[in-house]
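Me: I have a model open and would like to learn how to read it. Could you walk me through it one feature at a time?

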Amino acid sequence: MEAGEGKERVPKQRQVLIFFVLLGIAQASSQPRHYSVAEETESGSFVANLLKDLGLEIGELAVRGARVVSKGKKILLQFDKQTGDLFLNEKLDREELCGPTEPCVLPFQVLLENPLQFFQAELRIRDINDHSPVFLDKEILLKIPESITPGTTFLIERAQDLDVGTNSLQNYTISPNFHFHLNLQDSLDGIILPQLVLNRALDREEQPEIRLTLTALDGGTPPRSGTALVRIEVMDINDNVPEFAKLLYEVQIPEDSPIGSQVAIVSARDLDIGTNGEISYAFSQASEDIRKTFRLSAKSGELLLRQTLDFESIQTYTVNIQATDGGGLSGTCVVFVQVMDLNDNPPELTMSTLINQIPENLQDTLIAVFSVSDPDSGDNGKTVCSIQDDLPFFLKPSVENFYTLVISTALDRETRSEYNITITVTDLGTPRLKIEHNITVLVSDVNDNAPAFTQTSYTLFVRENNSPALHIGSVSATDRDSGTNAQVTYSLLPPQDPHLPLASLVSINADNGHLFALRSLDYEALQAFEFRVGATDRGSPELSSEALVRVLVLDANDNSPSVLYPLQNGSAPCTELVPRAAEPGYLVTKVVAVDGDSGQNAWLSYQLLKATEPGLFGVWAHNGEVRTTRLLSERDAAKHRLVVLVKDNGEPPRSATATLHLLLVDGFSQPYLPLPEAAPAQAQADSLTVYLVVALASVSSLFLLSVLLFVAVRLCSRSRAASVGRCSVPEGPFPGHLVDVSGTETLSQSYQYEVCLTGGSGTNEFKFLKPIIPNFVAQGAERVNEANPSFRKSFEFS
């Protein structure tokens, strides 16, 4: 296709060249004809009739081959060869065909081919107001520094209007404002140029942007207009310093706030923009403490905590902060930080005076002086001081949180020698904190207590026959005091009985109160004695007390029983007469014995040891009575010999024997056989006297033997004056008051006896003993059983 078109293009180019050559020749000889038409005329509209202008007739146009051609332009005209009328082939747009050129003339030619002839013609397209002024930029931006002085002009882009002539752009208007007015200036090519003129100074901080409406008006009827937005940005200059929202920030922060906590946020505002409005924050004239305690964010102005706070060290901080913009201008503010106190410190106690040892019996005496404090503030620093309620002390407040500890009542070391005092100090914060301070007060001793014996009286028991220097017991006294005031010394006090040889009886150890018997004691000589012991302390002045000591000598079984009846001496024994008609239980006689000891050592028992005829006589174990155990017969022997064992109850027991001679008789009127071993009556009486004297001397030397016993002794008399002796039997009953009823059926130890021997008709008579010294030891031992008729009957003759 392209190759074919190229081949066809060559003849046409040649024709065109020829045509233009011919046309040029023709034009040189003729002037073009002028035609006009308004633009935007519809296609097919009549333009003109060319017959007259061509000088041809209607028929000639067709014969000569008339046609319209144009040079370099699209043929916009249509030629009617029959009538010679010229029509518009399409709607014409002047602005498209000619643009801004005025007048808009389209040359064309009428070609007559036969013969060849050219007619020059021009079609002028008249402009109509079919276009409004148009701004190429709907928004016109002007950047004007706020420092520009009034009167300055600013050229702005003009509007475009495709119309020409009076229909083209004729005027500009601007919306009313206070800052600018419009000035129109004609250019060299006749174009109206709009200019903005500054009426008064700009202030970006007051109005950073100004928007104006620029209107372009053409000269058509009616006029057309076009608008554009003129946006004026006021360019900032650094003419504003940063300003803080508040010149003084007051904040409170607890002292226990953690590190990194936000203290405050400062904010500064700079009316400038750009770098001139970029603000950075920094400390101003800050001390080292502030820089160590706080950290400031340069961008956000946030003040943060760098280290922990302590109200007790620093209560307030004054932080100066500077805000600087990018242009170097700065402003300052003050952050006043008040540290809020918390109850994080317990009270403190400082002891000024302390007396740890106080003598007893003192009152209103100063013990301690101390002060209390609390570094916290407010109620957190107020304190209350107290001690235990059960102590004899009280706290007395003084000036400036000083307290004195004073004794309220007199102290008694013997009741309590040491006091542990707890001083409690509590603050009034929340939560309450407290401390406890312990002090110990020792109560020193004063000699205000006399030694006190453990007993008001002591009873000591010592067995007789003790060894000398025997420890017989101890006394003990205690002293409630202490130290030398409690050291006790013991001593023997003078006896109340001046006849008591106390110094030769006992001694006492002055240090420990041990008592010692200095010599051997004899119960039968001294049964008991009393003395007083003193206890004296070593205080100043000395205090003493005394106690009664009673020493009881315990009996030892050191005396054997002594038979008083029948007499057991070398003289002829006395024979008891027993009638053969005696009934069983008949009292034959009674063995009377005494024991120098006491208690169970003197309890005597009797036992038939030997008998001539066993089973005929018996001895009562408790009273020594010898009685028949059965009826006597003629076959029983006339003479009987009984051996009675007298034994005490001591440990080990001691004993003695008594021999009895009994003679069975049919009646007391019959003679009885003399005893071959009988001595003369006078010799028997003498030996009996010696025995009684020895017995009485022995009883008197012991001071304790008081026995009342009547011993019936018949005096033996001889029936024959030369060699035969007879025993006289006591006439009448024994006096009842001579019998002991102490429970042992022995004679009382508290009697001495008198023996009388009388003689008459060759017969000696034994008179029973009668008491000489009654009531020597005890009243209880003097009683005699006078109501013992059986005893009296046993010695009566029928």
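Reply: We'll go through confidence, then sheets, then salt bridges. This is a predicted model, where local features need pLDDT of at least 70 and side-chain atom pairs count only at pLDDT 80 or more, while totals for chains, interfaces and linings use all residues. Residues are numbered from 1 along each chain as its sequence is written, and side-chain values use heavy atoms, with hydrogens and water left out.

Me: What is the average pLDDT of the chain, and what share of the residues scores at least 70?

Reply: pLDDT is the predictor's confidence in each residue, on a scale from 0 to 100. Here the chain average is 79, and 79% of the residues reach at least 70. Among the elements, β23 has the highest mean, 95, and strand β53 (residues 725-728) has the lowest, 35.

Me: Over which residues does pLDDT stay under 50?

Reply: One such stretch is 714-798, with 234 contacts beyond four places in sequence; a contact means heavy atoms within 4.5 Å. Another is 669-685, where the model has 20 contacts of that kind.

Me: Now the sheets. In what order do the strands of an open sheet come?

Reply: First, the ground rules: strands (E, at least two residues) and helices (H or I, at least four) are DSSP runs numbered from the N terminus, and two strands pair if DSSP finds at least two bridges between them. One open sheet has three strands in the order β10-β14-β13, with antiparallel pairing. Its edge strands, β10 (153-155) and β13 (180-186), each pair on one side only. On average, neighbouring strands in this sheet are turned by 35 degrees against each other, direction ignored; the axes are lines fitted to C-alpha atoms, and angles run from 0 to 180 degrees between N-to-C directions.

Me: How many bridges join β13 to β14?

Reply: Seven, with β14 covering residues 192-198 and the two strands running antiparallel. If you want a pair to click on, N183 has Q195 in β14 as its bridge partner.

Me: Which strands stand at the edges of the β19-β23-β22 sheet?

Reply: That one is also an open, antiparallel sheet of three strands. β19 (262-265) and β22 (294-296) are at the edges; each has a single partner strand, so one side of each lacks a neighbour in the sheet. The average turn between neighbouring strands here is 20 degrees, direction ignored. Three bridges pair β19 with β23 (residues 302-305) in the antiparallel sense, and I265 has E302 in β23 as its bridge partner.

Me: How many salt bridges does a search of the whole structure find?

Reply: Side chains of opposite charge can pair when their charged atoms come close. The cut-off is a side-chain nitrogen of Lys or Arg within 4 Å of a carboxyl oxygen of Asp or Glu, and the search finds 22. Take E288 and K292, which meet at 3.1 Å, N to O. They are four residues apart in helix α5 (residues 288-293), so about one helical turn separates them.

Me: Is E288 buried or exposed?

Reply: Buried means under 20% relative accessible area, exposed means over 50%, and partly exposed is in between (1.4 Å probe, protein chains only). E288, at 54%, counts as exposed, while K292 is partly exposed at 43%.

Me: Which residue forms a salt bridge with E414?

Reply: R413, with the closest N and O atoms 3.3 Å apart. E414 is buried at 13%, and R413 is buried at 12%. Elsewhere, salt bridges that share partners join R94, E95, E102, R124 and D127 into one network.
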